[in-house]
Each structure stands twice: as C-alpha cells, then as structure tokens.
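Okay, thanks for coming, everyone. I'll put the structure up and then walk you through it.

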Amino acid sequence: MKKIGRLEKPDNFGSAHMFSNPILERISRTHISIPITMFLVMALISFYIAYTETSTFIGTGILLLIAGFIFFTFVEYFMHKYFFHMEPNTPIKDKVQYSIHGVHHDYPKDKDRLAMPPFVSAAYAAILYLIFKLIMGDLAYYFLPGFLIGYASYLGVHYIVHAFPPPKNFFKTLWVNHAIHHYKDPDSAFGVSTPLWDIILGTMPKKD
Ligand SMILES: [Zn+2]
Ligand SMILES: [Zn+2]
C-alpha cells in the first residue's frame, strides 16, 4: 500500500495550511460549484458552435459527445492511478504530488480542496480544446462537451461522496469504492465517477 499523505491517519475534519503566503493559501481553495459551472458553460458553448457552425450530422455529434465522456472517465482513472499516486523519487515530485493529491488523502473532508483553482481548470480546458481541435478538426466541438461534462460529473461525484452519507440504492458502490481507496487500500478503486476502468483493468477492491 502506497502512503501518499504526510499524516499517519487521515484527518477527517481538519484542513491543511499549504502556503505561508495568504494569497496563495486563498487561491488554493475553490468552491466546487465554480469549476463545475465553468465546465458546463464551456460545454454548452462548444455544443452550440458544433450545432450552428459545423456541418457535422447531429447523430454523429451525439456519438462523439458520448465518446468524449467515456474518454474522460479513462483519463480520470489513468491520471489518478499513475500521476496522483506516482512514486515520488525527488523532493520536487514529492511536493507536487502532495499539493495535488496527498493533501486530499490527509484531509479527505476538506471541501474547499476537492478541485483545482478555477484559472488552472480554465487553462486545462483551453489546452484540451486546442489538442482535440488539432486532432479531429470540427468534430472537436462535439467531443469536447462530452469530455467537459465528464469532468464536471467527476467533480460533482467526488464532492458528493465526501460531503454526504451514501444512499441506499446502487449508487452506494461509488461511496464504498472511494472510501476503500481512502481508508483501506489506496492501490485500488481509482475510478471516482465510475468503477468501469477498475473493472476492466483489474483494480477493483478485493472482496474481503
Ligand atoms: Zn477523495
Ligand atoms: Zn487517491
């Protein structure tokens, strides 16, 4: 089991003081509704452009949107497993890993640190737009909203599983899997919005 935080035990109620500079400390905190709204608005704009300005058939567009969504769930899994939980072999990597994810494992219920600062999210969205546009041209206007809706739902699900008690329906597995990732086995259950890739790639929590 990889230990990626600093604390021996996660602090369920505390919050890390990450920067001595008060401005940086403030910027490191984001209310979850801000990036979610940003991504959904960007998705809507992109969809509008796709529908009004491109000649792509709407049926193809919807399939591209779904593909973008599924692609996001894979990126989410991949980033969480290989980047957020990388083995830090230099002090810089260690600091980066702690800032982006270790701190969340130390303070899992600190609700202001469940998303990146808005300007970082905006920069990511802009870079993704450029990459998708380069690869698939006008089709990107349908693919990007799928990806961004995936991102927004990941942020929403992650917030909800930390902020609210589990429901009594089949969505409960999302709570159970993420609790196992935090409190029992950080080498399993990397998918937050869906266990799909954990099932396909064999990282579902063991039954016992
Ligand atoms: Zn979490
Ligand atoms: Zn993690």
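So, let's begin with the largest nonpolar core, which has 29 residues. The members that touch the most others are Ile 32, Phe 39, Phe 132, Leu 148, Tyr 151, Tyr 154 and Leu 155. Keep in mind that this is a predicted model.

Where does that core come from? Helices H2, H3, H5, H6 and H7 each put in at least two residues, and H6 gives the largest share, with 14. If you zoom in on Ile 32, you'll find it touching Leu 114, Ala 115, Leu 155 and Tyr 159, leaving aside residues up to four places away in sequence. There's also another core, apart from that one, with five residues, including Ala 16, Tyr 98, Val 103 and Tyr 107. As a general point, nonpolar side chains tend to be buried together in soluble globular proteins.

Now let's look at one helix, H5, residues 118-136. H5 has 19 residues and spans 27 Å from its first C-alpha to its last, close to the 27 Å expected at 1.5 Å a residue. Which of its residues are buried? They're Ser 121, Ala 125, Leu 128 and Phe 132. Looking down the axis of H5, those buried residues sit within an arc of 65 degrees, so they line one face of the helix. Covering them are, among others, helix H2 (33-53), helix H3 (58-84) and helix H6 (140-163). Flip to the other side of H5, and Phe 119, Leu 130 and Leu 134 are exposed. Right after H5 comes Gly 137, with a positive phi near 60 degrees.

Next, the metal. What holds the zinc ion (ligand 1)? Five histidines coordinate it through their NE2 atoms, at 2.0 to 2.2 Å: His 104, His 158, His 162, His 178 and His 182. Along the chain, the donors follow the spacing H-x53-H-x3-H-x15-H-x3-H. Take His 104 and His 182: they link distant parts of the chain, 78 residues apart, with His 104 in helix H4 (residues 91-106) and His 182 in helix H7 (residues 172-183). Both of these are buried.

One last stop, back in helix H4, where Asp 106 lies. Is Asp 106 buried or exposed? Its relative accessibility is 2%, so Asp 106 counts as buried, the cut-off being under 20%. As for its neighbors, again skipping residues up to four places away in sequence, Asp 106 touches Gly 5, Arg 6, Leu 7, Pro 10, Asp 11 and Tyr 98.

How values were computed. Residues numbered from 1 in each chain as written. Chains lettered and ligands numbered in written order. Predicted model: local features only at pLDDT ≥ 70, side-chain atom pairs only at ≥ 80, totals over all residues. Heavy atoms only, no water. Donors = N, O, S within 2.8 Å, 3.2 Å for Na, K, Ca; no water. Helix = DSSP H or I, 4+ residues; strand = E, 2+ residues; numbered from the N terminus. Buried < 20%, exposed > 50% of the residue type's maximum accessible area, 1.4 Å probe, protein only. Expected span 1.5 Å × (residues − 1). Arc of directions from axis to C-beta. Contact = heavy atoms within 4.5 Å. Core = buried A, V, L, I, M, F, W, Y, C linked by side-chain atoms within 4.5 Å.
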